[in-house]
Amino acid sequence: MGTKTVFVSIVGRANVGKSSLLNRMVGEKIAAVSNKPQTTRTKITGIVTKGETQYIFIDTPGMHKINTKLSEHMLDNIKEAVKDVETAILVVDCTKKIGDNEIKLINSFKATGKRVILAVNKIDLLKDKSDLIELLSNYSKLYDFEEIIPVSILENDGIDLIFKALDKNAQEEPHYFPDDALTDQPEKVIMAEIIREKALINLNDEIPHGIAVTIDEVSEHNNRNNEPVLDINAVIFCEKESHKGIIIGKKGSMLQKIGKDSRIELESFFQIKVNLQCWVKVKDGWRNREGIIRNFGLTNK
Ligand SMILES: Nc1nc2c(ncn2[C@@H]2O[C@H](COP(=O)(O)OP(=O)(O)OP(=O)(O)O)[C@@H](O)[C@H]2O)c(=O)[nH]1
Ligand SMILES: [Mg+2]
C-alpha cells in the first residue's frame, strides 16, 4: 500500500476554535483551549494517521494586533505556518462579521496561491441557519476556497467533511511520524500547557495573558501501595506581585483549584497517578523581555 501525507496549517483570528479543531481531528486533547483570546502562543503539531494517509496539522496562535514582544513572536509563527505549508484551514466564527484579521490572512493566501478550506465554525450558536448564507457568499467572493464547510467543532459536526476535503490534497509521500504519534510536543511542554489552560480557565480579566508555566522537575516514585506516581514541579509565572496574590487566592484556594484541575487532566493524559506541586513567581513585564520569552520557549521555533 502506498503512503500519503498532507501538511495542514490551521489559521484564523483568536478564539474561533482552531485548537478545538486540532484536538477534534487528532481525537485527543493535545492543545490548550479556553474562551480567552490568545490561548495558543506557539505552533503546535497534531498528527493523525488513517489508513494510508497521515495528516499533520499545525495549530497556530490567533491572528491579532501586535501589543507585546511576545505577540510579535506569535505573529511570526502564523506567518511561517502559512508560508511553509501548501494547504491551510481558515477557521472563522459564523457569528462574527469578516474582519481585518481574516482579510490579512486571505491576502497572504493570495500571495502564495495557497489551497484553503474555509471552516465556518460555531454553527451550533445559530438559531436561524439561513443567516449563514450571506456570510458564506461574502467569503466566497474574497477567495477561491477549495471548499467552504459549516461546522460545529463543539458538536463534532462537519469534521468528517474536513477530512474528505484534505484527502484531495494528500501527496504520495512517506509518513513523517510513527503511525501512532499524536504530537511532536515534548512531554514537559504538554504538562505546562495543561496547567496554563487550567489557569486561563479559572482566572478572570487581564491576568491570564501574563501567565507562563514552566516544568522544573519530573520524577517517578512508587507510593505505599507500590503504584507508580509522577512527581511534577511546576512554576506559574505572572507579571505583577498583585497578580501573584490573585493566582494564589484566599488561603491558597485558587492555586489549589488550578492544581486539582491540572492533576486530573495530567493523570488522564499520562495514565499515571500525579503528584503536582505548583509555585507562583513574578517576572516583571516578561512579555516584553526577549531573553525570558526565549527561556520560556515561546520564540518562533
Ligand atoms: N459554541 C461553540 N463554541 C466553540 C466551538 N468550537 C470552539 N468553541 C469555543 O471557543 C473558544 C475558543 O476555542 P479555542 O479552540 O481555544 O480557539 P482558538 O482559535 O484556538 O483560540 P486562540 O488560541 O486564542 O487563537 C472555547 O471556549 C471553545 O470551547 C463550537 O463549535 N461551538
Ligand atoms: Mg488556540
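The points below comment on a predicted model, taking its domains, core, one helix, the ligand shell and one loop residue in turn.

1. Conventions. Residues are numbered from 1 along each chain as its sequence is written, while chains are lettered from A and ligands numbered from 1 in the order in which they are written. Because the model is predicted, local features need pLDDT of at least 70 and side-chain atom pairs count only at pLDDT 80 or more, whereas totals for chains, interfaces and linings use all residues.

2. Domains. The domain assignment, automatic or from a database, gives domain 1 (4–172) and domain 2 (187–295), and their C-alpha centres lie 28 Å apart. Eleven residues from domain 1 and twelve residues from domain 2 take part in the contact, where two residues are in contact if their C-beta atoms, placed from the backbone, lie within 7 Å. On the side of domain 1 that touches domain 2, four residues are nonpolar, five polar and two charged (Ala, Val, Leu, Ile, Met, Phe, Trp, Tyr, Cys and Pro count as nonpolar, Asp, Glu, Lys and Arg as charged, and the others, Gly among them, as polar).

3. Core. The largest nonpolar core, a set of buried Ala, Val, Leu, Ile, Met, Phe, Trp, Tyr and Cys residues joined through C-beta atoms within 7 Å, has 77 residues, and Val8, Ala119, Val120 and Ile236 have the most contacts inside it. Helix α6 (residues 187–202) supplies its largest share, seven residues. Both domain 1 (4–172) and domain 2 (187–295) give residues to this core, so it lies between them. Leaving aside neighbours within four places in sequence, the contacts of Val8 include Tyr55, Phe57, Ile89 and Leu166.

4. Helix α5. In α5 (residues 159–167; helices are DSSP runs of H or I with at least four residues, strands runs of E with at least two, numbered from the N terminus), Ile162, Ala165 and Leu166 are buried, that is, with 20 or more other C-beta atoms within 10 Å of their own, against 12 or fewer for exposed residues and in between for partly exposed ones, the C-beta atoms being placed from the backbone. Seen down the axis, these buried residues fall within an arc of 100 degrees, so they line one face of the helix; the arc is that of the directions from the helix axis to the C-beta atoms. The face turned away carries the exposed residues Asp160 and Lys164.

5. Ligand 1. Of the 24 residues around ligand 1, those that come nearest include Gly17, Thr40 and Leu154, a residue being near if its C-beta atom, placed from the backbone, lies within 6 Å. Helix α1 (residues 18–26) gives the most to this shell, with three residues.

6. Asn67. Asn67 sits in the loop between β3 and α2 (69–84) and is exposed, with 12 other C-beta atoms within 10 Å.
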